[in-house]
Every structure is written in C-alpha cells, then in structure tokens.
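Visitor: I have a structure open and would like to go through it piece by piece. Can we start with a helix and then move to the DNA?
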Number of protein chains: 2
Amino acid sequence: MSIQARRERERAERERAIIAAARDLAEAEGWDAVTTRRLAAEIEYSQPVLYSHFKGKDAIMAAVAVEGSADLAADVAAARAAATDPRQAVAGIATAYAEFADRRPALYDAIFNLPVALSFASQDTPVELARAFAELAETLRPFAGDDDLETFTETFWSGLHGLVTLMRNGRLRREEHERRLAILVDRFTRLG
Amino acid sequence: MSIQARRERERAERERAIIAAARDLAEAEGWDAVTTRRLAAEIEYSQPVLYSHFKGKDAIMAAVAVEGSADLAADVAAARAAATDPRQAVAGIATAYAEFADRRPALYDAIFNLPVALSFASQDTPVELARAFAELAETLRPFAGDDDLETFTETFWSGLHGLVTLMRNGRLRREEHERRLAILVDRFTRLG
DNA sequence: CAGAATGGCTAGCAGTGCTAGAGTTCGGTC
DNA sequence: GACCGAACTCTAGCACTGCTAGCCATTCTG
C-alpha cells in the first residue's frame, strides 16, 4: 500500500508542477507562450505526460484558473476585512479586484476571459470564487435596496470586470482608471 | 488610366469580399473556424492573396471589427433616437447594446475582446465607434452630476461590457439578464 | 524467475499562420 | 500582329500548434 501511496503522491506533485509551470509561463510571457511542448520541457517530461493528467490544454488552463481563484478570493477577503465602514469596504474590494487584474493579467484571463469550460453560476464554479462572490454580496448588502442581492452583486461585479478588461485591452484611458472605479463604487453605494 | 482604375476597383471589391467572408464565417462558426485556408477558399483565391491585402489574420479581424463598429453605432443611434425621455434613452441604449452583443457575438468579440491592435482611446479608434461613444455620452449627460462626462460614460459603458461578456461566457445567470441591465441603468440615472 | 501490466517515450498526424519563388497572364511597345 | 516586361497569382513548403498511436523499459505479481 505504501508504494502505491508514494506513487500517487508523486503523481499529484507532478500535476501541481504542471499547473505551476503553466501559470508562471503565462504570467511571464502570456498564454500564447504556453505550448504543450514548452510546458513539457519545463517539468522535464515528454508531452504525452501532460495528457495523462489533463484532458487537454484547456483543462490545464482551467486548473490554473481554479488555483488563481483562490488568490483572487484571498485578496478580496483581505480587502473586506481591512475596511471599517460599509462604503469603504466596497471601495476596498473594488480596488483590490482591479489591482489583482492589473498585477496578474494572465491569471485573470484564465479565470474570466478565456473560452474555458469553467461554467460559473453552476456546479463547477470554483469554491473559492463562490466564496469571493459571497463576500462581495455581503459587502454590498447595505446598498442593494429593493434589488435582489445576488443580481445586484452580479451587476456590480460586471462593472468591475468591464473596467479591468476594457482598460487592459487599451479601450479606456489609463489615467482615469481610479476615477472610474470611484464612480462605479459611488453609484452602487447610494442609499434610497 | 481606365484599366488601372478597373483593377483598383476589382481589388477593392476583393478586399471587401475577404472582410465579408471573414465576418460571415465567424458569425456562423466562430472565430476558430476562420482560417486563412478557409477564407481563401471562400473568396476562391489562394492563401497568399490575403496577404497582399492585409498584413495578417489579425489585420483581417481588425477590418471586420471596424466594419462591425458601424453596425453597433447604428443600433445605438437608433435606440437613442427612438427614446422620448432621457432615462428611457439610457435604458434603450443599454438594451440595444446588449442585444447587439447577444445577436452577433463574434462581431462583438472582434470589436472589443480580441487581442487586436485596435487601440481605442487613441487615433485609430474606428470613427463610427467614437460616434457611438459620443452618442452615449450625450445621453448620459443629464445624469453625470459632478463627474467628468467622458469618465462617467466610460464607466457606464464598462458596466454594459462586463454584463454582456460575463454572461456570454456563462459566468452570469441568463434569466437575470434584464434585471441586471435595469439595475445598471437605474444606478447610473439617479439624480443628485 | 517468468509473465503481465504500468507508464513514459519517440515519432508522427492533421492542422495553423505565413512566405519564397516559380509560373502564368496580361498590358504596353515596336 | 509579335514580342517583351512587369504585375500578379499559385504551388509548395516552413516552423509551429495540440494531440495520439504504438513501442519499450521498468516494475509489480504469481
């Protein structure tokens, strides 16, 4: 039994190495640079090994996305914990979210933009992401008014997502970034 | 002179055929299906001909995006023209925008999502898109309050963009789509 | 110690965007 | 009307992609 256990442990370790290599490579050179050949070279195994762990390249990216979700969730949670009053909590989360997207664009892409079969709003949503969403919802609760909290949260979240993606693609003036965030927060934290 | 004129005319016509073929193929089967070989077959020329018109595949997609911008701008303008009061104008534009993205996802992708060198907020923004943005800004003017109008418009636009992209990627509950749009419009059309 | 099975490797497939250079067609000139 | 030159298109191929079949070595089992 012990031998088999060791093997499974090694296998799991290699799987983590694949995910880490994919993440690092993507963050360093973008997702285009993440090819199965380079990935295989990075972990010092041959290409087919990747396919014994993942169904394909998309699955690897999905795994990176799941892992990255935890980081994003942690940032959001920390921002919320650091806030003192409700409105500041919303602003803090918005800033943390935007900074995450700015600091780790490849990771953010894997989580939200890539045509990956990570269907959210359903069972296979990464647990961590669901938690982050729930945190955001709690933070927004005082400001939802008559609107359904989940729907309200989705809308605010979409605003954040739109801001960071459009800016990253060069569709928005970078120097106005913080002001746009402030406007979004302001508009979603008005009472009555 | 006349012969040369005819040639240039035919060349221009072929260029339009390339763009049209790319757009149709993308709308029918997605951008993954748009390969230079299929495109060449579609216009009944060989591959290298494409490269005598465009620098590469990205340039073709950019051309499709520019063309599509006109359609989007027309939809937005029509929605604004059909509205009677200011708030309804905003709601109408939001709906028109979302419907465009829903009806023509491939085109919308080309305009906003694809890693295309269509740097907006700069010179090479398609004229039509700039016009659409200006229309949106005028529609929002009564609600901008103390905020800079352009920045305010960018923020609202980002909200729309986030809503349509996250929903298309399956990150939002489809059945709540209209309610989210309503929340966004509501939050950006409050006075005082 | 023989046989089976696990698992990684080499080699290759079908496809991608893009390009060099051959070949053909066409307009202009004597 | 015949020829030459230039413009243009095509064939063929490169280097790369994701992915897989089948061989081979190593390890476990009886």
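Visitor: Is helix 8 of chain B mostly covered or mostly open?
Guide: Mostly covered: in this predicted model, 16 of the 20 residues of helix 8 of chain B are buried.

Visitor: What span should its 20 residues have, and what do the end C-alpha atoms give?
Guide: At 1.5 Å a residue, helix 8 of chain B (residues 149–168) should span 28 Å, and its end C-alpha atoms are 29 Å apart, so the two agree.

Visitor: What comes just after helix 8 of chain B?
Guide: G170(B), which takes a positive phi of about 75°.

Visitor: Pick a residue inside the helix. Is S158(B) buried or exposed, and why?
Guide: S158(B), which is found in helix 8 of chain B, is buried because 26 other C-beta atoms lie within 10 Å, and the cut-off for buried is 20 or more.

Visitor: Which residues does S158(B) touch?
Guide: Leaving out residues up to four places away in sequence, S158(B) touches G159(A), G162(A), L163(A), L166(A) and R180(A).

Visitor: On to the DNA. Which residues come nearest to strand D?
Guide: T35(A), T36(A), G56(A), K57(A) and S46(B) come nearest, out of 16 residues around DNA strand D. Two or more residues of that surface come from each of helix 2 (36–43) and helix 3 (47–53) of chain A and helix 3 (47–53) of chain B.

Visitor: Which element gives the largest share there?
Guide: Helix 3 of chain B, with four residues. By class, the surface near DNA strand D has six nonpolar, seven polar and three charged residues.

Visitor: And strand C, which residues come nearest?
Guide: There S46(A), T35(B), T36(B), G56(B) and K57(B) come nearest, again out of 16 residues. Helix 3 of chain A gives the most to the surface near DNA strand C, with four residues. At least two residues each come from helix 2 (36–43), helix 3 and helix 4 (57–82) of chain B.

Visitor: How do the classes divide near strand C?
Guide: Six nonpolar, seven polar and three charged.

Visitor: Change of topic. At what angle do helix 4 and helix 6 of chain A pack?
Guide: At about 110°, with the axes of helix 4 (residues 57–82) and helix 6 (residues 105–113) of chain A 8 Å apart. That angle makes the two helices roughly perpendicular, because 65 to 115 degrees counts as such.

Visitor: Which residues meet there?
Guide: From helix 4 of chain A, M61(A), V64(A), A65(A), G68(A), S69(A) and L72(A); from helix 6 of chain A, L107(A), A110(A) and I111(A). The residues of this contact divide into seven nonpolar, two polar and no charged.

Key:
Residues are numbered from 1 along each chain as its sequence is written. Chains are lettered from A and ligands numbered from 1 in the order in which they are written. This is a predicted model: local features need pLDDT of at least 70, side-chain atom pairs count only at pLDDT 80 or more; totals for chains, interfaces and linings use all residues. The expected span of a helix is 1.5 Å times one less than its number of residues. A residue is buried if 20 or more other C-beta atoms lie within 10 Å of its own, exposed if 12 or fewer, and partly exposed in between; C-beta atoms are placed from the backbone. A residue is near a molecule or strand if its C-beta atom, placed from the backbone, lies within 6 Å of it. Ala, Val, Leu, Ile, Met, Phe, Trp, Tyr, Cys and Pro count as nonpolar, Asp, Glu, Lys and Arg as charged, and the others, Gly among them, as polar. Two residues are in contact if their C-beta atoms, placed from the backbone, lie within 7 Å. Axes are lines fitted to C-alpha atoms, for helices over the stretch in contact, and angles run from 0 to 180 degrees between N-to-C directions. Angles under 35 degrees count as roughly parallel, over 145 as roughly antiparallel, 65 to 115 as roughly perpendicular and the rest as oblique.
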